[in-house]
Amino acid sequence: MTGRRAVIVDLVRSPFGRGRPGGTLARWHPVDLYARILQALVSRTGVDPAQVEDVITGCVIQVGEQAANIGRQAVLAAGFPVSVPAVTLDRKCGSAQQAMDFAAQGVIAGAYDLVIAGGVEVMSLIPMKTNRMGRDNLGPMHHARYPGGIAHQGIAAELIAARWGLSREMMDGFALRSHRLADTARAVVAGDIAALDDVEADEGIRADTSLERLAGLKPAYQDETMAARHPQIGWGVTAGNASQVTDGAGAMLIAEEGVARRLGLTPRARIRHFAVVGDDPHLMLTGVIPATRKVLARAGLGMGEIDAFEVSEAFASVVLAWAAETGADMERVNRFGGAIALGHPVGASGVRLTGNLLRALEQTGGRWGLQTMCESGGMANATLIERMEG
């Protein structure tokens, strides 16, 4: 198996809709939404779906309409041959990126020649925490290790802001940047989007927002109990400088490079290195920092050699703390906006990050791209790709 290389042939995603009743994708069944994206991917690449050896799918809230291995149900709904298997995984916000990494690792190991990786989440229909059914999902041993409990992600974002000295103004400024970049880049990223009936564009971008409007929003997580427990928090996290609850799906075709060439496919990038880390579950969202360092160390590269970055905008504080620790050139970070503007369908966001990363590399002629995604529970993925020139 020596010398096998995993490549991204192409990718496609849905428009992202606001995850609420009345959102542009709220009426879509998650199986149908993902099935339409799978159909769009094989149509775009021209690959015979019978040649696909697995479909690895990210989905976080696997309950109700998203239960029972949604990847397999979507494969069947898409009309793929019944011989095409699928598996669904949950690595929280990094699920679709993990699907990509597992697919590439399978290619490199010789388990696959042609595989689809993707993800789906319809948060209008299946809200966060639905799968917990109001029950304790941690258990006595977890509670024994963390007797005070672990605060949710919003409080983690506040703790990060406090530790790195990030003001409300800094976070709002970053949020405004995200919307402005996403608005300017609509035509650039449109090439990755498959229209769904009358839905053609991302719904969450607020081209008319301003620092004044963002400043007028109330803190999203301010709480007397948490204020007593964490007096250092400045309560600067709002709905405006956090990622949007969103509906969406995406998928990418990953192949062994030689096989892709024999099939007449033109890859866009090689998937070169991977890293996944665990980090402090109290801060929860800081794993992007050690994950970035780990993947760069494996590649033997420095931050200055990376031409484009995609860092998940779960909260503005996450990206700003990451930048402070890594010394990243912000001109290379999230060039086309991020989840604050575009939204964050948690099971599918990894595909969107990869799409924007590829577009940034192709637009600038850059070689190396790095994407990293923070994840609930104190984890993070990082993936390094290398742009190809046909």
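The following questions and answers concern the predicted model shown above.

Me: On what basis are the values computed?
Reply: This is a predicted model in which local features need pLDDT of at least 70 and side-chain atom pairs count only at pLDDT 80 or more, while totals for chains, interfaces and linings use all residues. Residues are numbered from 1 along each chain as its sequence is written, and side-chain values use heavy atoms, with hydrogens and water left out.

Me: Which element supplies the largest share of the largest nonpolar core?
Reply: A nonpolar core is a set of buried Ala, Val, Leu, Ile, Met, Phe, Trp, Tyr and Cys residues joined through side-chain atoms within 4.5 Å; buried means under 20% relative accessible area, exposed over 50%, and partly exposed in between (1.4 Å probe, protein chains only). The largest such core has 51 residues, and Leu-285, Ile-306, Phe-309, Phe-315 and Trp-322 are those with the most contacts inside it. Elements supplying at least two residues each include α6 (168–184), β7 (269–278) and α12 (316–326), where helices (H or I, at least four residues) and strands (E, at least two) are DSSP runs numbered from the N terminus. The largest share, seven residues, comes from α12.

Me: How many residues does the other core have?
Reply: Another core lies apart from the largest one, with Val-12, Ile-70, Val-75 and Ala-194 among its members. Its number of residues is 38.

Me: What distance separates the end C-alpha atoms of helix α3?
Reply: The expected span of a helix is 1.5 Å times one less than its number of residues. Helix α3 (residues 95–109) has 15 residues and should therefore span 21 Å. The distance between its end C-alpha atoms agrees with this, at 21 Å.

Me: Why is α3 described as largely enclosed by the rest of the structure?
Reply: The buried residues of α3 include Gln-97, Met-100, Asp-101 and Val-107. The helix is largely enclosed because the number of its 15 residues that are buried is 11.

Me: Which backbone nitrogen does the side chain of Asp-307 reach?
Reply: Asp-307 is in the loop between α11 and β8 and counts as partly exposed because its relative accessibility is 23%. Beyond four places in sequence, Asp-307 touches residues including Arg-332, Leu-361 and Trp-368, contact meaning heavy atoms within 4.5 Å. At 2.7 Å, its side chain reaches the backbone nitrogen of Arg-367.

Note on methods:
Polar contact = N/O pair within 3.5 Å; in protein donor to acceptor, adjacent residues only side chain to side chain.
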